[in-house]
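Biologist: Please take one helix of this model and look at it closely, from its geometry to its surroundings.

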2 protein chains.
Amino acid sequence: MDKTDISKAQTRVKDDAEPVLLGELENYVGFHLRLAQSASFKAFRRLTGESSLRPGWFAVLAIIHHNPGITPMALSRASGRDKSTITPVLRELLHEELVRRSTNPADKRSYALFLTPAGEEKLAHLAACAAEHDRELDEIVGDKKQEMIRLLRRIVAVLD
Amino acid sequence: MDKTDISKAQTRVKDDAEPVLLGELENYVGFHLRLAQSASFKAFRRLTGESSLRPGWFAVLAIIHHNPGITPMALSRASGRDKSTITPVLRELLHEELVRRSTNPADKRSYALFLTPAGEEKLAHLAACAAEHDRELDEIVGDKKQEMIRLLRRIVAVLD
DNA sequence: TATTGTTATACTCTATAACTATA
DNA sequence: TATAGTTATAGAGTATAACAATA
């Protein structure tokens, strides 16, 4: 199998035409998960491309849309990122006036987040890109989609 | 342009106890792919943890092991990363003497890569971590593993 | 004392472009 | 001219720790 022979150290360059072997990696879910995520991410960026819409914005806008009045802390928990990671994203979204905030009289440390009309529009556009992207994925996974999502969700629930 | 009805603009902070809603994201394969990959990555790092073994090294060591004499260019293609991304990884692996290289008489621009015995050992340790990690994943996906890998592979083949 | 959000900082992974030395 | 590999640089994405204001 392996061309490894310690007695005579090899020096020959592997022929470029020979197929690359991946060994045990081939049968690891984690390895394919990484490659698939990377491919999916790139494909999504190709769709949103020119509009300079960061993929990271999408989840934040969607979560605020579906949870109007959510706080930055709750947002950071919901998106699985540290609060310090959320701050610059929100700063940019506030600066572009896609998100607005209102102070919370009950707790002056925090505030409530909402989408502006422009934010709703931007989200709608991103959602259209995501829907198109997911149609590509749907074609690939076919009737196994729900099974697939169920398994991915279990991976997150157990490992994270 | 302004669709906001000021009189009804919301300001109430969303109750922290309310569950966060994700809307259409819930039904997107790409979204769950991202979360699952992140969870799997973190779990793998927890396993290799102290040994200061970068997850990025694993694929490079495994590919060289299974393809002795591979060139940096072929390695970059095989791992789906740019050649400039491979250079610093190889520099570190060469410095730690996990990888050695020999010049190629037929083409002096390039060289052949091999694992040293220490590199084989390191790879074996990483492989043990990966195997343990994949056992965790196996428990989660159960008898759907092959189906899962097949779908992930198709996603890469179609989108990448 | 604990928590919210901000800031400073740093680390990982990645890519593009310019460069060199070959081919 | 084209390709292999290196270097310089930059940009996402992420995290930790220290901090000010508030609870």
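Modeller: What follows is a close look at helix α6 of chain B, and then at the contact between the two chains. The model is predicted, and every value below is computed from it. Helix α6(B) runs over residues 145-159, and because each of its 15 residues should add 1.5 Å, counted as one less than the number of residues, the expected span is 21 Å, which agrees with the 21 Å between its end C-alpha atoms. Along this helix, Met148(B), Leu151(B), Leu152(B), Ile155(B) and Leu159(B) are buried. These buried residues cover an arc of only 95° around the axis, and therefore lie on the same side of α6(B). The general reason is that an α-helix has 3.6 residues a turn, so residues three or four places apart point the same way. Gln146(B) and Ala157(B), by contrast, are exposed on the other side of α6(B).

As for what covers the buried residues of α6(B), the cover includes α1 (29-48), α5 (117-141) and α6 (145-159) of chain A, together with α5 (117-141) of chain B. This leads to the contact between the chains, which takes 68 residues from chain B and 68 residues from chain A. On the side of chain B that touches chain A, the elements giving two or more residues are α1, α2, α3, β2, α5 and α6 of chain B, and the largest share, 13 residues, comes from α1(B). By class, the residues of that side of chain B divide into 35 nonpolar, 17 polar and 16 charged.

Methods. Residues are numbered from 1 along each chain as its sequence is written. Chains are lettered from A and ligands numbered from 1 in the order in which they are written. This is a predicted model: local features need pLDDT of at least 70, side-chain atom pairs count only at pLDDT 80 or more; totals for chains, interfaces and linings use all residues. Helices (H or I, at least four residues) and strands (E, at least two) are DSSP runs, numbered from the N terminus. A residue is buried if 20 or more other C-beta atoms lie within 10 Å of its own, exposed if 12 or fewer, and partly exposed in between; C-beta atoms are placed from the backbone. The arc is that of the directions from the helix axis to the C-beta atoms. Two residues are in contact if their C-beta atoms, placed from the backbone, lie within 7 Å. Ala, Val, Leu, Ile, Met, Phe, Trp, Tyr, Cys and Pro count as nonpolar, Asp, Glu, Lys and Arg as charged, and the others, Gly among them, as polar.
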